[in-house]
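Visitor: I would like to look at some ring pairs and a sheet. Can you show me the model and explain the words used for it?

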Amino acid sequence: MSALSPEVVAAIDDLELAARIVVEGLRTGGHRSPFHGYSTEFRQHRPYRAGDDLKHLDWKVYARSDRLYTRQFRETTNLSVMIALDTSASMDFPATGTSKFRYAQIVAAALAYLASDQGHAVGIMTMEGERLSYGAARAGRVHLRSLLAHLDRLAPAGRWDPARVVERAARLLRRRGMIIVISDFYDDDDATQRALRRVAQRGHDVAMLQVLSRDELDLPFTGQMELEDAESGARRLADTAMAAAYQSAVDGFLARCRTDARAAGIDYNLMMTDVAPQLALRDFLVRRA
Amino acid sequence: MSWDNGAAWLGIGFIALPILIHLLGRRPARVLRFPTLRFLGATTVLPLRRTRVQDPLLLAVRIGILGAAVAAFAGPRLDEGGAADIGSTARVILVDTSRSMLRATPTGARAIDVAHQRADSFARGATIATTLDVGDLPRALPGASAWLARQGMRGEVVIVSDFSVLAVDSADVALIPEQFGVRLSRVAVSTDSATAPGPAAAGDATSDAISPVGSHAPTLFAAAGDSARLRATRSAAESLVPIAPPAISDSIAIAFPSSAQFEALRRASAPPRTAWMVDLVARLRRDSLLVDAAWLAPPDSLARSARTLAVAFATNDHVVVDAGVAPGASSRLVLFAAAPPGSVLAAALVAATRRATAPIAAPWEADRRVIDDRRLAAWQRPPSTERPSSVRHGDADASMGSSRLTRALWGLVLLLLGLETWLRRDRPRRMQTLIADDRAA
């Protein structure tokens, strides 16, 4: 599957178009939907769409009519997906090229598009300053459009409290649903992991999509450089000699994120901004399948 | 190593400029907005902006550029030969070998021999010395100055001569560069003395003699009993040399009919072809005394031949002598006399031969006056204590060597300039981007 480069996708001003391009790329690959329903209460048949779980195919109908239909269950049609997007200042890196935030925006938009297209309710949860900002999970194309428009208006700034966002997102889901957290997860690891575990234990399907830029995996300069924390404004003098220790610390952090997520039964996926969004989401879908 | 323009080294102070620029141009460490500092941990990195210059390699290259340029302006010169310290002296000793130096000194020795002895003494007293025998002193002075300039030390021109009038004058001495000393060593000669007898090399090109043959008596081939008659023979200006045994090395010989070797020599000889032999025979033909003597000589039995020195008169062809080249010695001319030794013709032939082979002095040699001591003293000067700084008599070799070194230094300057340009452009692209990002932010 050929994919547009992340720079090209990120350059598309229209977020909906960008999301659609990503989703179409996923559909071309024939990947299954990441959104699983839980209820077994049969509601109706609907024509099979690419990505539907094959276990819901009604083979009897197929045998009779030679047509594929998917059994829809009550919960399947009412799966609620909340997408929690990190809008903190740390996501605004690097300043040139595809920033983590833009990448996360596109991934969030693509997931929202995919979920909505499959009839699920999708909502968004972010923080703007100290205030939580959200769009409730609803189905339908009109809601999707307003959701994407809201996503498009977001800009990274300040800090965010992932634990608070996840908790709030979970409370907004009246029934078990899916919470997808898209962030770099630089903030308060322990509290974030606790919140995610609690949400998962309540029966929600939780996914961690960690978005990072290649430039932050090592110290991208020579000589001395004063680094300024994008969120706190703190400064620290860094030297090329510290690169090895820095990389080791980053590798350790990523390993912990992965390990903790899996231990809690949370889907974890690392997405690098230099990888095409379609490919990154493909990996995510393959894992969930 | 010496420097043509040592004052240029004052420019070395300009090296402080790039150092100052690098010191003053130090900026605080660049600021980069980074997502998080949590992975940096505690750092012991000190802000080095106050203690270290930026780009030390670039600074070193810039210092190298200025240093090489200053050295090139200073005009380096590699010292050639000998110690370069102040006590070393180079001497060029010019020995006058003109005709007047053949005269006798008051001690009886020839002036030229005394001059050579004195030249040896001067040479021993110098660090480096060269002795030249010159017949024309003014023409030798530029070459002597050039040789001294190449030695890279104090220099002195020494002239050993009788200092005849017009042999050398103040204008010639003034051509010697001022940093070189001038020493004039007079060899006193007797002004009335004739040229002292002594060996003079045949074909001495350094003398002013016109004849290619030095003045010496020909070897006479005659019977032993003819010696008395030869001595008794009337001779206008010359005294006859007693018969000497024939020597291979002698250039001219006269064979008389009474000699036992006469016929053998005559049969074995070849016509003269060498230029000086032909010239000598031509002079003999023009010698008036010989012509007169030949007029008096009876016709003789010598047959005509292509080699014959014939004195042609309107009515009387007399074979006077026959000239040939002795066998085995291509430079030996044999005059075969038709008359017996003791005869007027024989005496005239010997005298004419001596006159023809005697060197003719240059016109100025006729003036036996010498330059007075007071003038000579005014021309002399000691050598300068400074090393010769420039070549004034067209010393191409010395200037070529120093210009090569200067060109090498300028080449180094150009090379370092290229390196400096490359160093300024060589930056990691990512860092440029990040810095641009930082500035934009």
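Guide: Start with a cluster in this predicted model. Ring pairs link A:Phe93, A:Tyr186, A:Tyr246, A:Phe253, B:Phe34 and B:Phe39. Over all chains, the structure holds eight aromatic pairs.

Visitor: Why is the pair of A:Phe93 and B:Phe34 called edge-to-face?

Guide: A pair of aromatic rings is described by the distance of the centres and the angle of the planes. For A:Phe93 and B:Phe34, the centres are 5.4 Å apart. Rings pair if their centres lie within 6.5 Å, so these two qualify. The planes stand at 70°. Edge-to-face needs over 60 degrees, so the name fits.

Visitor: What makes this pair a join between two chains?

Guide: Look at where the rings sit. A:Phe93 lies in the loop between strand S3 (80–85) and helix H5 (100–117) of chain A. B:Phe34 lies in strand S2 (residues 30–34) of chain B, so the pair joins two chains. A:Phe93 is buried, and so is B:Phe34.

Visitor: How do you know that B:Phe73 and B:Trp410 are edge-to-face?

Guide: Their planes make 90°. The cut-off is over 60 degrees, so edge-to-face is right. The centres are 5.1 Å apart.

Visitor: Which parts of chain B does this pair tie together?

Guide: B:Phe73 is in helix H2 (residues 56–74) and B:Trp410 in helix H12 (residues 396–425), so the pair ties together parts that are 337 residues apart in sequence.

Visitor: Why is B:Phe73 called exposed?

Guide: Its relative accessible area is 55%. Exposed means over 50%, so B:Phe73 counts as exposed.

Visitor: What makes B:Trp410 partly exposed?

Guide: B:Trp410 has 34% relative accessibility. Buried is under 20% and exposed is over 50%, so 34% falls in between. B:Leu412, also in helix H12 of chain B, has 38% and is therefore partly exposed as well.

Visitor: Now the sheet. Why are S5 and S10 of chain A said to stand at the edges?

Guide: In chain A, six strands form an open sheet in the order S5-S4-S3-S6-S7-S10. Strand S5 (131–138) and strand S10 (267–272) each have a single partner strand, so one side of each is left without a neighbour in the sheet. The twist averages 15° from one strand to the next.

Visitor: How do you know that S7 and S10 of chain A pair?

Guide: They share six bridges, in the parallel sense. Two strands pair with at least two bridges, so six is enough. One of the bridges has A:Ala207 with A:Asp267 as its partner in S10(A).

Note on methods
Residues numbered from 1 in each chain as written. Chains lettered and ligands numbered in written order. Predicted model: local features only at pLDDT ≥ 70, side-chain atom pairs only at ≥ 80, totals over all residues. Heavy atoms only, no water. Phe/Tyr/Trp six-rings, centres within 6.5 Å; stacked < 30°, edge-to-face > 60°. Helix = DSSP H or I, 4+ residues; strand = E, 2+ residues; numbered from the N terminus. Buried < 20%, exposed > 50% of the residue type's maximum accessible area, 1.4 Å probe, protein only. Axes fitted to C-alpha atoms, helices over the stretch in contact; angles between N-to-C directions.
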